[in-house]
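Let's take a walk through this protein together, one piece at a time. Have a look at the picture first, and then we'll start with a small detail and work outwards.

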Amino acid sequence: MGFKIAVVGATGNVGREMLNILSERGFPASEVVALASARSQGTEVSFGDKVLKVSNLENYDFSDTDICLMSAGGTISQKWSPKIGAQGCVVIDNSSAWRYDSEVPLIVPEVNPDAIVDFKKRNIIANPNCSTAQLVVALKPLHDVAKIKRVVVSTYQSVSGAGKEGMDELFTQTRAVFVADPVESKKFTKRIAFNVIPHIDSFMEDGYTKEEWKVLAETKKMLDPKIKVTCTAVRVPVFIGHSESVNIEF
């Protein structure tokens with residue numbers, strides 16, 4: 001017997017990738033439903049060899065759905081995740097909306113799988129920022145052997161982290177540079193083609209960007225609140241694939 005799965009935000013880059021991975025890994029799903037906003041209703045998305053028609057999130061009944069993969073942004077998640085959870089469906093949220101809620105477990109399976117028992121408080125499970133996820137997977141076995149005191153991390157994040165608009169801007173700007181056309185910056189604060197930008201998300205009062213703060217807060221929540229963490233997050237002109245430089249003090 002399989003699980004009934006709903007993917008919210010199925011027309012976005014991440015939602016489509018979720019559908020791809022569910023299919024590739026042969027996840028035991030009895031049914032997969034693609035959901036998005038009203039303007040995307042009727043859009044077709046791929047799920048393995050099948051084509052799914054997108055349904056309207058507003059009209060969907062989650063009472064017979066087992067798992068909801070939420071990838072529609074923080075605002076949508078804040079509005080809908082509690083409603084979905086109240087219907088008995090477990091929400092796995094990909095946004096930052098619930099990561100810092102004390103009643104919602106923040107999970108990376110290779111790092112803190114036991115914390116998942118707390119999902120029953122709200123029927124919501126959060127997953128971390130992309131840069132935090134790859135960082136804590138490397139830190140966990142080291143911390144188990146020799147307690148980590150301090151981490152200094154620099155992230156080099158591809159434009160895929162900014163969604164389709166970010167990827168399109170890198171492509172358009174790169175082409176413009178080669179043919180000597182004017183270069184326009186809409187998604188990023190500076191030109192991204194042949195450049196690096198140490199500015200991801202908004203700046204906070206302490207001088208960190210919000211992206212950098214996420215790495216600090218999430219690492220402490222999942223691994224150990226006593227670890228000192230500092231981060232510099234940089235956007236780089238690569239389409240897909242983040243990398244990190246990590247200095248660790250034991």
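Which residue in E10 is the bridge partner of tyrosine 156? It's valine 234. Bear in mind as we go that this is a predicted model.

That pair belongs to a longer run of contacts between strands. Strand E9, made of residues 150-157, is joined to E10 by eight bridges, and the two run parallel. Step back a little and you'll find an open sheet of three strands, ordered E10-E9-E11, with mixed pairing. The edges are taken by strand E10 (228-235) and strand E11 (243-249); each has a single partner strand, so one side of each is left without a neighbour in the sheet. Going from one strand to the next, the twist averages 10°.

Now for the helices around that sheet. Helix H3, residues 130-145, packs on the sheet and touches E9 and E11. Its direction makes about 40° with that of E11. Then there's helix H5 (residues 210-222), which lies across E9 and E10 and runs at about 145° to E10.

Let's move to an earlier part of the chain. An unreviewed UniProt entry annotates residues 4-119 as "domain: Semialdehyde dehydrogenase NAD-binding". Over this stretch, the chain is 22% helix and 27% strand, and the C-alpha atoms at its two ends sit 18 Å apart.

What about the inside? The largest nonpolar core has 33 residues, and the ones touching the most other members are Val8, Leu35, Phe62, Cys68, Met70 and Ile84. Both domain 1 (3-127) and domain 2 (131-249) supply at least three residues to this core. Take valine 8 for a closer look: leaving aside residues up to four places away in sequence, valine 8 touches Leu35, Leu57, Phe62, Cys68, Leu69, Met70, Ser71 and Ala72. There's also a second, separate core of 15 residues, with Ile5, Ala10, Met18 and Val54 among them.

Finally, let's look at a loop. Between strand E2 (29-36) and strand E3 (44-47) you'll find arginine 39. Is arginine 39 buried or exposed? Its relative accessibility is 78%, and exposed means over 50%, so arginine 39 counts as exposed. Follow the chain for 16 residues and you can pair arginine 39 with serine 55: the two are 9.9 Å apart in space, C-alpha to C-alpha.

Methods:
Residues are numbered from 1 along each chain as its sequence is written. This is a predicted model: local features need pLDDT of at least 70, side-chain atom pairs count only at pLDDT 80 or more; totals for chains, interfaces and linings use all residues. Side-chain values use heavy atoms; hydrogens and water are left out. Two strands pair if DSSP finds at least two bridges between them. Helices (H or I, at least four residues) and strands (E, at least two) are DSSP runs, numbered from the N terminus. Axes are lines fitted to C-alpha atoms, for helices over the stretch in contact, and angles run from 0 to 180 degrees between N-to-C directions. Contact means heavy atoms within 4.5 Å. UniProt positions are given in the numbering used here, feature names are shortened, and annotations may be inferred rather than shown by experiment. A nonpolar core is a set of buried Ala, Val, Leu, Ile, Met, Phe, Trp, Tyr and Cys residues joined through side-chain atoms within 4.5 Å. Buried means under 20% relative accessible area, exposed over 50%, partly exposed in between (1.4 Å probe, protein chains only). Domain bounds come from an automatic or database domain assignment.
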